[in-house]
Amino acid sequence: MTAARLNPALALLLVVAALGAVMFGPDGAAPRLVVDAIGGSDRAAAIILLDIRLPRVLAAAIVGGALGLCGAALQALTRNPLAEPGILGVSAAATLGATLTLYFGIAAALPWVLPIGAIVGALLATSLLAVAAMRTQGMATLILVGVGLSSLSGALMALILNFAPNPFSLSDLINWTLGSVANRSLGDLVFTAPLVLAGCVILLGQRAHLSLLAIGETAAIAHGLDARRTRIAVIAGTGIATGAAVALAGAVGFVGIVAPHLVRPWAGHDPGRTLLPSATLGALLLVLADLLVRLLPTDTELRLGVVAALAGAPVFTMIALRRGRGAHV
Amino acid sequence: MSDALHIKNLTVRAGAKTLLDDVTATIEPGRITAIVGPNGAGKSTLIRALAGVAPFAGTLALGATPLAHLSPTERARRIAYLPQHHDLAWNIKVRDMVALGRFAYGAEPGKLGATDRAAVERAMEAACCAALADRGVADLSGGEQALACLARVLAADTPVLLADEPAAALDPANQYRAMECLAEKSAHGCTVLVVLHDLTLVAQFSHSVLWLQGGRLVAHERADCESLAHHIPTLFGRTPSFATDGSEALFFVRDPNES
């Protein structure tokens, strides 16, 4: 498959997967539900399809797309295939920002504050990482800064959980950190999707600049790159998109590392051309992962973030080992 | 013909250390000007300041236009810079890497217009790396990478070309090929400024030499054998000898204490 055919092929797969995810679920499979819902003969069927499954599938696609794109953009900016919002602590900082608004009860009174909290957390983390990336050539150092950031956010999260006012609040906060798109409504999407879209548009606008960074920042500047502006745009785009994605689904890791890694050979290893297919594949992966957690016959539904981590962690380890052997991945 | 490159009172500092101290020179177009000096003399610092990738004090101008007044892309359309080290992060194809040289013209890999595509193909032919076009840069040898990076700089099609040790990683044949590329550029009126350690290449290809030592400009003279013979003992502490057939010279240096 050529790079030119990659985007349409992934888009087609995403549409097919999304339709399948809407059609199939533990409550029954189409076409019966679809016929009943469209015919209006079964109000329950309409609720299952349009109010439960459809928002959930859309949320998985939006979150997966945002995280896939943010991962590809961060990797291009830091020139490191191990960079990803989850690994570098951006998702953890966003989760911390969101849970702070939950803990203090602000989100209950003003729902729009929650995504703002998540975005502020993500922006702070991304800015810190960008400064670290500027000051060190060693990518191991950058990853360690990310690990430190993630640990700090985790510690502060633990502190919040420690002081949770009651068991119900504690349960809410823990569920938030596991990552899920269950019980999301179209109203939740209307609130967060535009923010995700805004972040994605900013990142896709940096496509050519991120390609140029492949030759090193010094050479890129000599060829006309405004490095400062590019860095700010990627920080802003990643912060907004990751923050809004976390606001919608909580912490979901590893999509941002797996999706770019899989599409990179098909995109000619060009960081700019990796962005869009990473977004589409990230969306596809999370839609399929969410379908899996819905269909698995478990007493308690597995959380999407747990499944993503179980699948993504081995891939992360494999890439790290290959990098250690000096391979370009 | 390109405009002359004017360097006036150029000073570059890194913390308390002065890397380049009050350098003033004019680099004429249509010529190759070599920068020669011992390690730590400030050769790369000079070329980095001219390329806009190192902060400096003083005035740099192309003709009557101060470089500080140009936007990053305006500057990149006038001045191309080949760094000493090739810091390639991804295994992108050589053709795509060379196409990055067209960034300042709004081009990007995979979306090249006819003019950009022609410039890329022409540059790869000139740098003898057209046969490598579909290979990943990480799969190339150091010398092949150096040729591909030279092609990227040539693809920028600028009136000024700065190159920091372009022949360092190359075999003798490719060293000459790289220098011939720069000679062709200067023959077409470009201003070419190049850091060189190989004195034979200096003698054979450059028209003038900026002699640097300890961050100061020692001299800016014609690149003839007499000038080289005069400055090499002072700058390198070695005695030069050269063999010439009248048109080309081979340079050797030896320890002055050798018998």
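In the predicted model, helix H8 of chain B is followed by B:Gly237, a residue whose phi is positive, near 70 degrees. The helix that precedes this glycine, H8(B), spans residues 225–236 and comprises twelve residues, with 16 Å separating its first C-alpha from its last, which is close to the 16 Å expected at 1.5 Å a residue. Six residues of H8(B) are buried, namely B:Cys225, B:Ser227, B:Leu228, B:His231, B:Ile232 and B:Leu235. Because these buried residues cover an arc of only 135 degrees around the axis, they lie on the same side of H8(B). The face turned away from that buried side carries B:Glu226, B:His230 and B:Thr234, which are exposed.

A glycine with positive phi also follows helix H1 of chain B, where B:Gly52 has a value near 85 degrees. H1(B), which runs over residues 43–51, is mostly covered, in that seven of its nine residues are buried. The buried residues of H1(B) are B:Lys43, B:Thr45, B:Leu46, B:Ile47, B:Ala49, B:Leu50 and B:Ala51, so that a lysine and a threonine are counted here together with leucine, isoleucine and alanine side chains under the cut-off of 20% relative accessible area.

The packing of two further helices of chain B was examined next. Two packed helices are described by the angle between their axes and the distance between the axes. For helix H5 (residues 142–155) and helix H6 (residues 172–187) of chain B, the axes come within 11 Å and cross at roughly 5 degrees. Since angles under 35 degrees count as roughly parallel, H5(B) and H6(B) are therefore roughly parallel to each other. H5(B) contributes B:Leu147, B:Leu150 and B:Leu154 to the contact, whereas H6(B) contributes B:Asn174, B:Ala178, B:Cys181, B:Leu182 and B:Lys185. By class, the residues of this contact divide into six nonpolar, one polar and one charged.

B:Leu170, located in the loop between strand E7 (160–164) and H6 of chain B, is associated with residues of both helices. Its relative accessible area is 9%, and B:Leu170 is therefore buried. When neighbours within four places in sequence are left aside, B:Leu170 is in contact with B:Gly143, B:Ala146, B:Leu147, B:Gln175 and B:Ala178. Two of these partners, B:Leu147 and B:Ala178, also take part in the contact of H5(B) with H6(B). The C-alpha atoms of B:Leu170 and B:Leu147 are separated by 8.2 Å, although the two residues are 23 residues apart along the chain.

Elsewhere in chain B, B:Asp3 is placed in the segment before strand E1 (5–14). With a relative accessibility of 45%, B:Asp3 counts as partly exposed. Apart from neighbours within four places in sequence, B:Asp3 is in contact with B:Pro29, B:Leu62, B:Gly63 and B:Thr191. By contrast, B:Asp3 and B:Pro172, which are 169 residues apart in sequence, lie 32 Å apart in space, C-alpha to C-alpha.

Backbone angles in the loops were also considered. Most residues other than glycine have a negative phi. B:Cys128, although not a glycine, has a positive phi of about 60 degrees. This cysteine is found in the loop between helix H4 (114–126) and H5 of chain B, and B:Cys128 counts as partly exposed at 43% relative accessibility. In chain A, a positive phi near 75 degrees is found for A:Phe254, likewise a residue other than glycine. A:Phe254 belongs to the loop between helix H12 (227–249) and helix H13 (255–263) of chain A, and at 17% relative accessibility A:Phe254 counts as buried.

Two residues in helices of chain A complete the description. A:Thr192 has its place in helix H9 (residues 186–204) of chain A and, at 4% relative accessibility, counts as buried. Not counting residues up to four places away in sequence, A:Thr192 touches A:Pro115, A:Ala244, A:Ala247 and A:Leu248. A:Ile232, by contrast, lies in helix H12 of chain A and is partly exposed, with a relative accessible area of 46%. Although A:Ile232 and A:Ser127 are 105 residues apart in sequence, their C-alpha atoms are 8.2 Å apart in space.

Conventions
Residues numbered from 1 in each chain as written. Chains lettered and ligands numbered in written order. Predicted model: local features only at pLDDT ≥ 70, side-chain atom pairs only at ≥ 80, totals over all residues. Heavy atoms only, no water. Axes fitted to C-alpha atoms, helices over the stretch in contact; angles between N-to-C directions. Helix = DSSP H or I, 4+ residues; strand = E, 2+ residues; numbered from the N terminus. Parallel < 35°, antiparallel > 145°, perpendicular 65-115°, else oblique. Contact = heavy atoms within 4.5 Å. Nonpolar A, V, L, I, M, F, W, Y, C, P; charged D, E, K, R; others polar. Expected span 1.5 Å × (residues − 1). Buried < 20%, exposed > 50% of the residue type's maximum accessible area, 1.4 Å probe, protein only. Arc of directions from axis to C-beta.
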